[in-house]
Amino acid sequence: MSKAKLFQILKADGSKQRADTLLSQAIALSLRDLILSGQTIYPHAAEKLSLAMWDGEEKTIVELGRSQISNWVQRGNVIPETGQSMRDFIEECREEKRVQEHRAMVDQAEARFKRTLHLDTLQPVIGRFGVVKDKATGEVIMKENTRLLEIQMKTAEFVTERLDPAKYGKTGKTENKHLHVFLLSDLRKAEEAMEAQREKERSTV
């Protein structure tokens, strides 16, 4: 029996928590792992969650049903080792998951910005019969893709406004909002156009 069971445990509302309540910090942390991994902690009625509890090298499997977890939340049961209510603990874990997902979205956006800033806007001229070459030198004739260049310039403007708002910042909220829409839609179109052009070049080789 854990030390937490040797003294009176009070629920979130101040009433006494039953001594035989299965809830423990180990179980709570296992539920946290499920939440952070994107899994549900509320299985279907006929299913149970199987949680592996480790005590040194000894492994114990604890099975929890949907109603058991719901009851802990609704009754205001607390984690004996910490005194935190299960409701608050689960909400805290969900908030941690939201922050985790937000960070991942920011990382993806940063990666896209970096890729956009390094777009190769100088591209081969494509004629009726494929890539156009200089008759004298045989070299491929290149030109700026103004569409990609515009996207690159807009992205650079957006990034510099955020990195150095004192120097490059704008006060117009409408402009910033418009720029978000531009980046998300036009960048996809530009990438599709680039892929189509590469495919066309491959077919003419």
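# Questions on a predicted model

Biologist: What relative accessibility does Thr82 have?

Modeller: This is a predicted model. Thr82 sits in the loop between H2 and H3. Buried would need under 20% and exposed over 50%. Thr82 counts as partly exposed because its relative accessibility is 44%.

Biologist: Which backbone nitrogen does the side chain of Thr82 reach?

Modeller: Thr82 has a partner far off in sequence: its C-alpha atom is 9.3 Å from that of Ser24, 58 residues apart along the chain. The polar reach of the Thr82 side chain is another matter. At 3.3 Å, the side chain meets the backbone nitrogen of Gln84.

Biologist: What pattern does the protein chain follow along the sequence?

Modeller: Start with the count. The protein chain holds 6 helices and 6 strands. Their order from one end to the other reads α-β-β-α-α-β-β-β-β-α-α-α.

Biologist: What share of the accessible surface belongs to carbon and sulfur atoms?

Modeller: Of the 205 residues in the protein chain, 29% are buried. The accessible surface of the chain totals about 14400 Å². The carbon and sulfur share of that surface is 54%.

Biologist: Which element gives the most to the largest nonpolar core?

Modeller: That core has 20 residues. Those with the most contacts inside it are Ile27, Leu31, Ile41, Leu51, Leu64 and Met86. At least two residues come from each of H1, S1, S2, H2 and H3. With 5 residues, the top contributor is H1.

Biologist: Which residues does Leu51 contact, leaving aside neighbours within four places in sequence?

Modeller: Leu51 is among the core residues with the most contacts. Contact here means heavy atoms within 4.5 Å. By that test, Leu51 touches Ile27, Ser30, Leu31, Leu34, Thr60, Ile61, Val62 and Leu64.

Biologist: Is Ser30 buried or exposed?

Modeller: Ser30 belongs to helix H1. Beyond four places in sequence, Ser30 is in contact with Leu51, Ala52 and Met53. The limit for burial is under 20% relative accessible area. Ser30 has 16%, so Ser30 is buried.

Biologist: Which residue of S2 stands opposite Ala52?

Modeller: S1 and S2 run antiparallel, joined by 8 bridges. Met53 stands opposite Thr60 in S2. For Ala52, the residue opposite is Ile61.

Biologist: Which residue takes a positive phi in the hairpin of S1 and S2?

Modeller: The hairpin has 2 residues between its strands. S1 covers 48–55 and S2 covers 58–65. The positive phi is near 70 degrees, and the residue is Gly56.

Biologist: Why do the buried residues of H2 lie on the same side?

Modeller: H2 spans residues 66–74, with Ile69, Ser70, Trp72 and Val73 buried. They share a side of H2 because the arc they cover around the axis is only 155 degrees. The face turned away from that side carries the exposed residues Ser67 and Gln74. The arc that decides it is 155 degrees.

Biologist: Which elements do the buried residues of H2 pack against?

Modeller: Two of the partners are helices and two are strands. Just past the end of H2, Gly76 takes a positive phi of about 75 degrees. The packing partners are H1, S1, S2 and H3.

Biologist: How far is the polar side-chain atom of Gln152 from the backbone oxygen of Leu117?

Modeller: Gln152 is in helix H4, residues 146–163. At 15% relative accessible area, Gln152 is buried. Gln152 touches Thr116, Leu117, His118, Leu119 and Thr121, with residues up to four places away not counted. A polar atom of its side chain lies from the Leu117 backbone oxygen at 3.0 Å.

Biologist: What separates the C-alpha atoms of Ser37 and Lys97?

Modeller: Ser37 is in the loop between H1 and S1. At 43% relative accessibility, Ser37 is partly exposed. Ser37 and Lys97 are 60 residues apart along the chain. Their C-alpha atoms are separated by 8.3 Å.

Biologist: What share of the contacts with a separation of 6 or more joins residues 24 or more positions apart?

Modeller: Leu51 and Leu64 give one contact in the chain. Over the protein chain, the count takes contacts with a separation of 6 or more. Pairs 24 or more positions apart account for 52%.

Methods. Residues are numbered from 1 along each chain as its sequence is written. This is a predicted model: local features need pLDDT of at least 70, side-chain atom pairs count only at pLDDT 80 or more; totals for chains, interfaces and linings use all residues. Side-chain values use heavy atoms; hydrogens and water are left out. Helices (H or I, at least four residues) and strands (E, at least two) are DSSP runs, numbered from the N terminus. Buried means under 20% relative accessible area, exposed over 50%, partly exposed in between (1.4 Å probe, protein chains only). Accessible areas come from the Shrake-Rupley method with a 1.4 Å probe; for residues, only the protein chains shown count as cover. The arc is that of the directions from the helix axis to the C-beta atoms. Two strands pair if DSSP finds at least two bridges between them. A polar contact is a pair of N or O atoms within 3.5 Å; within protein, one must be able to donate a hydrogen and the other to accept it, and residues adjacent in sequence count only if both atoms are side-chain atoms. A nonpolar core is a set of buried Ala, Val, Leu, Ile, Met, Phe, Trp, Tyr and Cys residues joined through side-chain atoms within 4.5 Å.
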